[in-house]
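Dear colleague,

I am passing on the structure we spoke about, and below it you will find an account of what came out of it. Please read the account with the structure open beside you.

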Amino acid sequence: MRLPPRIPSRVYLQTARFFATSVPTPRIPQTIIEKVVQKYSVGLPDGKVVKAGDYVMIRPEHVMTHDNTGPVISKFKSIGAKKIVDPRQTVFTLDHDVQNKSDKNLAKYANIEAFARAHGIDFYPAGRGIGHQVLVEEGYTFPHTLTVASDSHSNMYGGVACVGTPIVRTDAAALWATGKTWWQVPRMVKVELRGKLAPGVTGKDVIVALCGSFNNDEVLNAAIEFTGEGISALSVDDRLTISNMTTEWGALVGVFPVDDTLLGWYESALVKLERRTFASESIPPPPEHPRINRRRLDALRATNLTSDLGAQYSSHLIFDLSTLVPHVSGPNSVKVSTPLPKLESQKIAIQKAYLVSCTNSRVSDIAAAASVVEGKKVAEGVEFYVAAASSLVQAEAEKLGHWDKLIAAGAKVLPAGCGPCIGLGTGLLEEGETGISATNRNYKGRMGHPKAQAYLASPAVVAASAVKGFICSPTSLDATSLPPTGTPAFSISSGSSDAAEVPQAEEPLFPGFPAAFSGRMLFAPQDNLNTDALYPGKYTYQDDITLERQAQVVMENYDTSFAGHVATILPSLSASDESIKPGVVLVSGYNFGTGSSREQAATALKAAGIPLVIAGSFGDIFKRNAINNGLVCLECPELVADLTATYAKGGARGAGGCEGELTVDKGHEIRVSMMDGSVALRGSEGEKVYKVRTVGASVQELWVCGGLEGFILKSIQ
């Protein structure tokens with residue numbers, strides 16, 4: 001059921017504003033995430049306050065790559081880089097294909113290790129654990145810092161109040177060479193957790209239920225800030241699980257606050273680190289850990305960051321933990337979640353169960369599973385696979401006796417690593433099989449055969465299902481202590497800020513960047529125009545294809561006449577002065593560029609003479625590839641809405657123009673100012689002006705350099 005939205009007290013807001021006038025220099029309110037990004041942004045104009053939507057150049061605390069380090073090394077070398085600008089910033093962890101003992105894979109791992117040693121980079125070999133877990137254990141992810149990784153589950157770092165977000169391989173190469181890359185600050189979403197979980201309900205149930213309750217892209221490409229009194233009762237392991245799966249929920253960041261629970265966790269971590277070494281009265285104390293140490297923890301306590309009153313959020317989601325029962329995700333979709341009591345009655349038989357991955361293979365997870373299987377055996381016909389999130393986790397679980405209980409029950413041990421979660425190694429789902437897993441993704445075919453069924457659940461439910469042979473709850477779960485079975489209580493409201501929207505300040509342009517883009521406007525009335533429509537897959541791996549040829553086939557799977565039509569327009573376009581960039585401006589619907597990571601979807605548009613794309617929204621990976629290759633992307637929902645109402649068939653996107661054409665060309669001239677964000681559209685009916693948020697100096701510099709690789713070359717030269 002949905003809760004009524006909480007309406008802020010107007011009296012309280014007015015009072016807050018009254019007291020705020022006593023501050024000598026009013027400042028623009030920021031969320032905690034915006035404050036952290038501000039700290040790690042470089043080259044900002046004087047007085048610039050970082051807000052959602054801004055493009056900034058960031059120098060993160062750390063950047064991690066894993067098995068994909070090999071391709072990043074190739075990219076790094078291909079652009080002429082020879083030196084890692086800051087070896088302390090870089091971390092390598094080998095974790096994905098650790099079961100693969102082939103000569104080819106071992107040689108790849110050896111080459112990565114050799115590169116790390118040659119450049120003085122922190123290196124964690126296969127078997128040490130999953131990179132995300134290692135980064136948390138070793139303090140590369142620390143509260144109120146910014147750490148990135150070439151992996152989508154970097155969101156997990158938010159469980160320890162670190163802003164973690166994914167990057168692509170080209171970004172990683174840029175960071176190695178320059179220490180910097182660009183980032184667009186995502187829109188902010190507040191997720192308020194109320195109430196307290198019932199006994200037997202876990203953090204995994206929380207995120208599974210969130211994915212199923214808010215399953216209409218409410219947090220797509222957003223930065224989530226978790227708030228509310230419900231957080232205090234969540235363990236750090238629960239928070240790591242929730243933040244980890246904000247990726248599947250659609251977000252780019254998912255951050256919990258620093259509180260007594262987290263500070264206590266770090267105190268315990270500090271003790272564990274100190275026990276790694278020997279010390280006595282006759283032996284000097286060991287050097288402090290470079291990242292988790294008393295000095296740093298004391299500084300954190302003294303300067304804890306919080307979001308400002310009046311900070312802006314695009315939406316405010318509320319979820320009542322006290323109404324939640326254990327949930328199961330699937331089959332084969334994280335957007336489908338079902339209360340366990342409802343699913344249990346169906347007695348869905350399983351053939352495989354998994355306690356693996358960076359989501360739910362920490363000590364508390366292993367302990368929960370061990371308590372369920374103690375004195376029991378895995379059901380006949382079921383294979384139960386377990387792998388610790390790291391070697392340290394496994395060692396502690398062994399010391400506490402949890403590991404032996406799992407083995408005694410018949411669990412099959414895998415090395416610490418990603419393994420089945422990523423569809424690699426032993427124990428994958430076969431055709432027709434059903435599996436239940438404590439991992440983060442149950443997409444069709446990810447953990448094995450496309451015709452298998454995959455469910456996600458908490459470690460205790462996975463273990464109970466392995467023992468019973470069907471999806472079920474552990475016998476220790478007291479149904480009388482749970483709330484009524486049903487949909488948990490949740491609600492959503494848009495625009496949860498009590499402050500007026502802060503207009504984008506006019507900033508100086510980077511030298512050489514156009515003051516405006518001007519030319520003919522074409523409209524493709526289509527949402528979800530994917531990368532295969534923009535650049536057909538059959539050309540993707542033709543490595544010798546020229547930019548001229550890319551321009552000839554651009555949009556071929558959407559409109560076969562598109563490339564030819566653009567080519568006929570270009571000769572008529574010219575600029576009145578050198579500060580204006582002429583070209584065709586393409587306008588389309590929402591989620592433009594969704595799909596694969598092929599860079600040619602962006603380079604083909606640019607090669608065709610389209611320097612600028614305006615859309616309702618963009619696929620995040622497409623936008624990164626576009627900006628990395630000097631194609632400017634701007635969002636203007638109002639323009640898209642007007643064009644749709646006037647020129648799309650039936651006033652809706654998806655069926656072409658009113659005359660059946662896939663690409664609408666009514667001869668409109670468009671001029672987009674990069675100074676003030678004004679978009680002037682002129683046609684036979686007259687002129688209308690819209691507003692967009694322009695790109696910042698970081699993206700402008702990339703454009704002037706011809707893209708990210710050009711920027712890297714400029715920096716290292």
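The protein exposes about 28900 Å², and carbon and sulfur atoms supply 53% of that area. Please keep in mind throughout that this is a predicted model. Of the 717 residues of the protein, 56% count as buried.

As for the overall form, the C-alpha trace spans about 80 × 65 × 65 Å along its principal axes. The radius of gyration is 26 Å, which agrees with the value near 27 Å that a compact globule of 717 residues would have. In secondary structure, the protein contains 24 helices and 28 strands. If one takes the contacts between residues at least 6 apart in sequence, 76% of them join residues that are at least 24 apart.

On the charges, there are 68 positive and 72 negative side chains in the protein, and the centres of these two sets lie 2 Å apart.

I also looked at the cysteines, where the count of disulfides comes to zero. Two of them may serve as examples. For Cys-211, the closest cysteine sulfur is that of Cys-421, and because the two sulfur atoms are 14 Å apart, they are too far from each other for a bond, given that a disulfide requires a pair of cysteine sulfur atoms within 2.5 Å. Cys-211 counts as buried, since its relative accessibility is 2%. For Cys-705, the closest cysteine sulfur belongs to Cys-633, and at 18 Å this pair is likewise too far apart for a bond. Cys-705 has a relative accessible area of 22% and is therefore partly exposed, as the limit for counting a residue as buried is under 20%.

Finally, one position that you may wish to view in its surroundings is Ala-466, which is placed in helix α16, a helix made up of residues 459–468. With a relative accessible area of 0%, Ala-466 is buried. Which residues is Ala-466 in contact with, leaving aside its neighbours within four places in sequence? They are Ile-350, Ala-353, Val-378, Ala-379, Val-382 and Phe-384. In addition, the C-alpha atoms of Ala-466 and Tyr-354 are separated by 8.8 Å, although these two residues are 112 residues apart along the chain.

With best regards

Technical notes. Residues numbered from 1 in each chain as written. Predicted model: local features only at pLDDT ≥ 70, side-chain atom pairs only at ≥ 80, totals over all residues. Heavy atoms only, no water. Helix = DSSP H or I, 4+ residues; strand = E, 2+ residues; numbered from the N terminus. Rg over C-alpha atoms; globule rule 2.2 N^0.38 Å. Buried < 20%, exposed > 50% of the residue type's maximum accessible area, 1.4 Å probe, protein only. Contact = heavy atoms within 4.5 Å. Areas by Shrake-Rupley, 256 points an atom, 1.4 Å probe, with all protein chains shown as cover. Lys, Arg positive; Asp, Glu negative; His and termini not counted. Charge placed at Lys NZ, Arg CZ, Asp CG, Glu CD.
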